[in-house]
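Please open the structure in your viewer and keep the sequence beside it, since each stop below asks you to select something and look again.

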Amino acid sequence: MAGELQLGGTTLATHTGSGASAKINLDSGLVFPAGHVIQVVQNPINAGSTTTSLDFEDITNFSVDITPSSSSNKIFIIATGYVGNVLVSGFNAQVDHQLIRVNTPSDSILVGTTVFAVENSAGGLQIKASLAISYLESLSFWSSGSITYKIQHKVNNASSTGSLGTGRITVMEIQG
């Protein structure tokens, strides 16, 4: 069954097909109200990797690209995962994470988090925690093309191994 949705003689959407093949196509001139989600992208598979690095490094599969439709919109980022760290020797362990916007116009650290634990004996300390990052940013810097958002991690103790598993990053373009 085909049909159109009109307002004041202007076509806003068309309906084609039926059942499982039914589709609604929105007119390109349709304007959504502020706060409406325009598009959503998510890393296609769970991210995860381990690190012994004292410097930030990328986490495998923990990035997404989005091509915004307007610089007057906003981008909302949510990143989650399961954090671990095993300390072989020493008295404290931490795993740091940061959300980065890549090459627009240059790499920018948007927000960082730390999972920290201490103990009073040497070695054997383990961290098990959840990673939760959310960030809302204006697109006033953007003019065209895609934007890459990614999560990186590092440890603070050379005798520890940090890990991140089941990581998901979801990026939404929000109508401004």
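The tour moves from the whole chain to its core and then to one residue.

Begin with the whole chain in a cartoon view, keeping in mind that this is a predicted model. Coloured by secondary structure, the chain shows twelve strands and zero helices, so that the order of elements from the N terminus on is β-β-β-β-β-β-β-β-β-β-β-β.

Next, show the C-alpha atoms alone and turn them along the principal axes, where they fill a box of roughly 75 × 40 × 20 Å. The radius of gyration of the chain is 22 Å, whereas a compact globule of 176 residues would have one near 16 Å. If you then add the accessible surface, you are looking at about 9300 Å², 53% of which belongs to carbon and sulfur atoms, while 35% of the 176 residues count as buried.

Which residues have the most contacts inside the largest nonpolar core? Select F62, L99, Y149, I151, I169 and V171, which hold that place in a core of 28 residues. Then colour β6 (57-66), β7 (74-87), β8 (92-102), β9 (108-118), β10 (126-138), β11 (147-155) and β12 (160-174), each of which gives two or more residues to this core; the largest share, five residues, comes from β7.

Finally, centre the view on L99 and display what surrounds it. Leaving aside neighbours within four places in sequence, L99 is in contact with I77, S108, I109, L110, V111, I133, Y135, Y149, K150, I151 and I169. Across the chain, 72% of the contacts with a separation of 6 or more are between residues 24 or more positions apart.

Methods: Residues numbered from 1 in each chain as written. Predicted model: local features only at pLDDT ≥ 70, side-chain atom pairs only at ≥ 80, totals over all residues. Heavy atoms only, no water. Core = buried A, V, L, I, M, F, W, Y, C linked by side-chain atoms within 4.5 Å. Buried < 20%, exposed > 50% of the residue type's maximum accessible area, 1.4 Å probe, protein only. Helix = DSSP H or I, 4+ residues; strand = E, 2+ residues; numbered from the N terminus. Contact = heavy atoms within 4.5 Å. Rg over C-alpha atoms; globule rule 2.2 N^0.38 Å. Areas by Shrake-Rupley, 256 points an atom, 1.4 Å probe, with all protein chains shown as cover.
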